[in-house]
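Subject: A structure for you to explore

Hi there,

Here is the structure I promised to pass on to you. Please open it alongside this email, and then read on for what turned up in it.

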Amino acid sequence: MFTLDELEAAARLVHTAFPPTPQYPWPLLAQRAGAEVWVKHENHTPTGAFKVRGGLVFMERLKRENPDVPGVVSATRGNHGQSLAYAGARYGIPVTILVPRGNSAEKNTAMRAQGARLIEYGADFDEARAEAARLAAAEGLLFAPSFARDLVLGVATYALEFLRAAPPLAALYVPIGLGSGICGCILARDLLGLSTEIIGVQSTEAPAYALSFAAGHVVKTATANTRADGMATRIPDAGALEIIRKGAARVVTVTDDEVAAAIRAYWQDTHNLAEGAGAAPLAALLQERDTMRGKRAGLVLCGGNIDLALFRDWVMARA
């Protein structure tokens with residue numbers, strides 16, 4: 001899909017906006033998991049999540065190749081929209097974001113603060129995405145998908161940093177929303193010639209990629225009712241699924257209760273706040289504790305953007 005030279009160039013572009021995020025081995029997480037645990041802190045980016053890397057690469061190319069673009073429209077549950085808004089402001093491209101009704105109030109506020117025009121539409125991400133495509137045609141805007149080559153290239157830069165900075169990892173656990181993060185990890189792993197297993201993580205309440213991985217073709221679900229909104233996808237991207245099927249070892253599903261416990265564990269053991277998708281890899285590692293015992297595991301804490309009200313109701317109420 002791309003070369004190591006392209007990936008390194010993307011990393012240099014990302015690093016003009018912010019430095020590499022840290023990766024640390026956390027001893028209390030190691031005690032909890034029975035394995036050596038390294039965490040890549042993508043919750044430390046300027047938007048609090050990994051997707052800003054893809055937004056920067058996407059918008060830089062767009063501005064360079066189409067300087068008169070009137071604007072970009074996309075759909076999101078939050079982090080993709082923040083990434084486009086942040087990068088759009090940096091490159092002078094107006095951004096319109098569609099979110100489903102009832103979306104995270106704090107993520108909505110953050111997107112508006114970055115300069116995005118925000119529109120609430122539909123019952124879930126997939127309905128908002130369809131309306132964003134319609135609006136693109138109606139207003140002459142460029143539709144920015146949640147999975148595209150430049151987005152994968154950008155987010156793969158965190159995997160490049162992680163896999164080069166950490167000791168050799170037996171496994172790397174990555175949450176799956178629409179697939180850019182795990183595809184970036186697979187492609188970076190392959191370009192570096194490593195043997196690290198890439199393990200996808202989904203919610204039991206939004207298992208479209210897990211079902212598709214097992215079936216060998218796209219399987220849609222009727223609902224995506226997880227409280228981990230970054231994984232709340234009903235319709236897999238066929239291109240992402242192809243990369244995942246070829247390059248991932250397996251896809252693990254975790255319950256919302258397991259994710260809530262992992263969010264608490266991150267706070268207790270590292271004093272980092274994780275959103276649902278960000279904690280899902282830890283939930284999967286704890287579920288696979290016996291399989292990973294004594295090995296070295298990598299976790300992507302892909303974001304920390306969780307609403308205070310959701311944190312209180314979902315996470316602390318179960319403490």
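Let's begin with two aromatic residues: Phe 50 and Tyr 158 are both buried. Please keep in mind that this is a predicted model.

**Aromatic pairs**

How many aromatic pairs are there? The count comes to two. In one of them, Tyr 24 and Trp 26 meet edge-to-face, with 5.9 Å from centre to centre and 85° between the planes. Tyr 24 counts as partly exposed, because its relative accessibility is 39%, and the range for that label runs between 20% and 50%.

Phe 50 and Tyr 158 also form a pair: their ring centres are 5.8 Å apart and their planes stand at 85°, so this pair is edge-to-face. Where do these two residues sit? Phe 50 is in the loop between β2 (36-41) and α3 (52-65), while Tyr 158 belongs to helix α7 (residues 149-165), so the pair ties together parts that are 108 residues apart in sequence.

**Helix α6**

Next, have a look at α6, which covers residues 125-139. This helix has 15 residues and reaches 21 Å from its first C-alpha to its last, close to the 21 Å expected at 1.5 Å a residue. At its start, a side-chain oxygen of Asp 124 comes to within 3.3 Å of the backbone nitrogen of Asp 126. Just after the helix, Gly 140 has a positive phi of about 70°.

Which residues of α6 are buried? They are Phe 125, Asp 126, Ala 128, Arg 129, Glu 131, Ala 132, Leu 135 and Ala 136. The buried residues of α6 pack against four strands, namely β3 (72-75), β4 (95-99), β5 (117-120) and β6 (142-143).

**Empty space inside**

Rolling a probe the size of a water molecule over the atoms shows where empty space is left. In this structure there are two cavities of 30 Å³ or more, and the largest cavity holds about 340 Å³ of space. It is lined by 29 residues, and those closest to its centre are Lys 51, Gly 177, Leu 178, Gly 230 and Met 231.

Which elements help to line the largest cavity? Among them are α4 (79-91), β7 (171-175) and α8 (180-192), each supplying at least two residues. The biggest share comes from α8, which gives three residues to the lining.

Enjoy exploring, and send me any questions you have!

Best wishes

Conventions:
Residues are numbered from 1 along each chain as its sequence is written. This is a predicted model: local features need pLDDT of at least 70, side-chain atom pairs count only at pLDDT 80 or more; totals for chains, interfaces and linings use all residues. Side-chain values use heavy atoms; hydrogens and water are left out. The expected span of a helix is 1.5 Å times one less than its number of residues. Buried means under 20% relative accessible area, exposed over 50%, partly exposed in between (1.4 Å probe, protein chains only). Contact means heavy atoms within 4.5 Å. A polar contact is a pair of N or O atoms within 3.5 Å; within protein, one must be able to donate a hydrogen and the other to accept it, and residues adjacent in sequence count only if both atoms are side-chain atoms. Rings of Phe, Tyr and Trp (its six-membered ring) pair if their centres lie within 6.5 Å; planes under 30 degrees apart count as stacked, over 60 as edge-to-face and the rest as tilted. On a 1 Å grid over the protein atoms alone, a cavity is a set of points where a 1.4 Å probe fits but cannot get out, and a pocket is an open set with protein on both sides within 12 Å along at least five of seven lines; lining residues have an atom within 4 Å of a point. Grid points are joined across faces, edges and corners, and a volume is the space filled by probe spheres set on the points.
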